[in-house]
Amino acid sequence: MSQLSETPVSAASFTVPGAEPMREVGRRLAARLRPGDLVLLTGPLGAGKTTLTRGIGEGLGVRGAVTSPTFVIARVHPPLGDGPPLVHVDAYRLGGGLDEMEDLDLDVALPESVVVVEWGEGRVEELSDDRLHVVIERAEGGAGAGEANGDNGDADGDGTRRVTLTGVGPRWRGASLDGLAP
Ligand SMILES: Nc1ncnc2c1ncn2[C@@H]1O[C@H](COP(=O)(O)OP(=O)(O)OP(=O)(O)O)[C@@H](O)[C@H]1O
Ligand SMILES: [Mg+2]
């Protein structure tokens, strides 16, 4: 992989004040995504990776509620209309990284799908030179920070998150990531 393809080419960062706003970010992001796109979600347990993916699924108009894929490695959500399928992967379980990903025998072609990978950083980058990295952190000092989540990250209430998106590769060069903040 060349140094050049590692250079971030577009970026955005904003705070998201709760779970429903996080879904809204996902719905807005879905409108910018196209077949073949790879989205890597990074953040601690309970950060909101699945919540964001749920919004992406809603925005793409796919079948089936997006839930935590913790007990399966990947789930395919077929499109209800003529958009791309959503492939939702939990790479936490992908010990072997990319090889295992290719062995999953998903019955859709990744270049025709939107592929969203939780815990994908450091595991599945080789899938594509073009990637959208999304980092979700608990926002310091924001409304609800520190009180809405226990050590296990199992937050019941709403908390503020900081979401930082970085597009890597030619696909994202010059692509606007503005207007995603809820
Ligand atoms: N701003 C926020 N954005 C997203 N989720 C939030 C926010 N505030 C509170 N939450 C809550 O935090 C939890 C996020 O859970 P979610 O399953 O989306 O996290 P995750 O990052 O996928 O975790 P895991 O690493 O276990 O897969 C939900 O209970 C959600 O309601
Ligand atoms: Mg999750």
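Start by selecting A47: leaving aside its neighbours within four places in sequence, this residue is in contact (heavy atoms within 4.5 Å) with M22, I136, R138 and R161. Before you go on, a word about what is on screen: this is a predicted model, in which local features need pLDDT of at least 70, side-chain atom pairs count only at pLDDT 80 or more, and totals for chains, interfaces and linings use all residues. Residues are numbered from 1 along each chain as its sequence is written, chains are lettered from A and ligands numbered from 1 in the order in which they are written, and side-chain values use heavy atoms, with hydrogens and water left out.

**Stop 1: around A47**

Stay with A47, which sits in the loop between strand 2 (38-42) and helix 2. Helices (H or I, at least four residues) and strands (E, at least two) are DSSP runs, numbered from the N terminus. A47 has 2% relative accessibility, so it counts as buried; buried means under 20% relative accessible area, exposed over 50%, and partly exposed in between (1.4 Å probe, protein chains only). Now add R161 to the selection: A47 and R161 are 114 residues apart in sequence, yet their C-alpha atoms lie 7.6 Å apart.

**Stop 2: M22**

Next, pick M22, in helix 1. Is M22 buried or exposed? It counts as buried, because its relative accessibility is 2%. Beyond its neighbours within four places in sequence, M22 is in contact with V16, A47, G48, T51, L52, I136, R161 and V163. Draw a distance from M22 to T51: the two are 29 residues apart along the chain, and their C-alpha atoms are separated by 6.6 Å.

**Stop 3: helix 1 against helix 2**

Show helix 1 (residues 19-30) and helix 2 (residues 49-60) together. Their axes come within 6 Å and cross at roughly 45°; axes are lines fitted to C-alpha atoms, for helices over the stretch in contact, and angles run from 0 to 180 degrees between N-to-C directions. That makes helix 1 oblique to helix 2, given that angles under 35 degrees count as roughly parallel, over 145 as roughly antiparallel, 65 to 115 as roughly perpendicular and the rest as oblique.

Which residues make the contact? Select A19, M22, R23, V25, G26, R27, L29 and A30 on helix 1, then T51, L52, R54, G55, I56, E58, G59 and L60 on helix 2. Coloured by type, the residues of this contact divide into eight nonpolar, four polar and four charged. Here Ala, Val, Leu, Ile, Met, Phe, Trp, Tyr, Cys and Pro count as nonpolar, Asp, Glu, Lys and Arg as charged, and the others, Gly among them, as polar.

L29 of helix 1 deserves its own click. This residue counts as buried because its relative accessibility is 0%. Away from its neighbours within four places in sequence, L29 is in contact with I56, L132, L165 and L180. L29 and L60 are 31 residues apart along the chain, with 9.3 Å between their C-alpha atoms.

**Stop 4: the magnesium ion**

Now select ligand 2, the magnesium ion. Its protein donors are T50 (OG1) and E118 (OE), lying 2.1 to 2.2 Å from it. Donors are N, O and S atoms within 2.8 Å of the metal (3.2 Å for Na, K and Ca); water is not among the atoms, so sites may look incomplete. T50 belongs to helix 2 and E118 to strand 5 (residues 114-118), and the two are 68 residues apart. Both T50 and E118 are buried.

**Stop 5: W119**

Move to W119, in the loop between strand 5 and strand 6 (131-138). W119 is partly exposed, because its relative accessible area is 25%. Its phi is near 60°, a positive value in a residue other than glycine.

**Last view: the whole chain**

Zoom out and colour by secondary structure: three helices and seven strands appear. Of the 182 residues, 42% count as buried.
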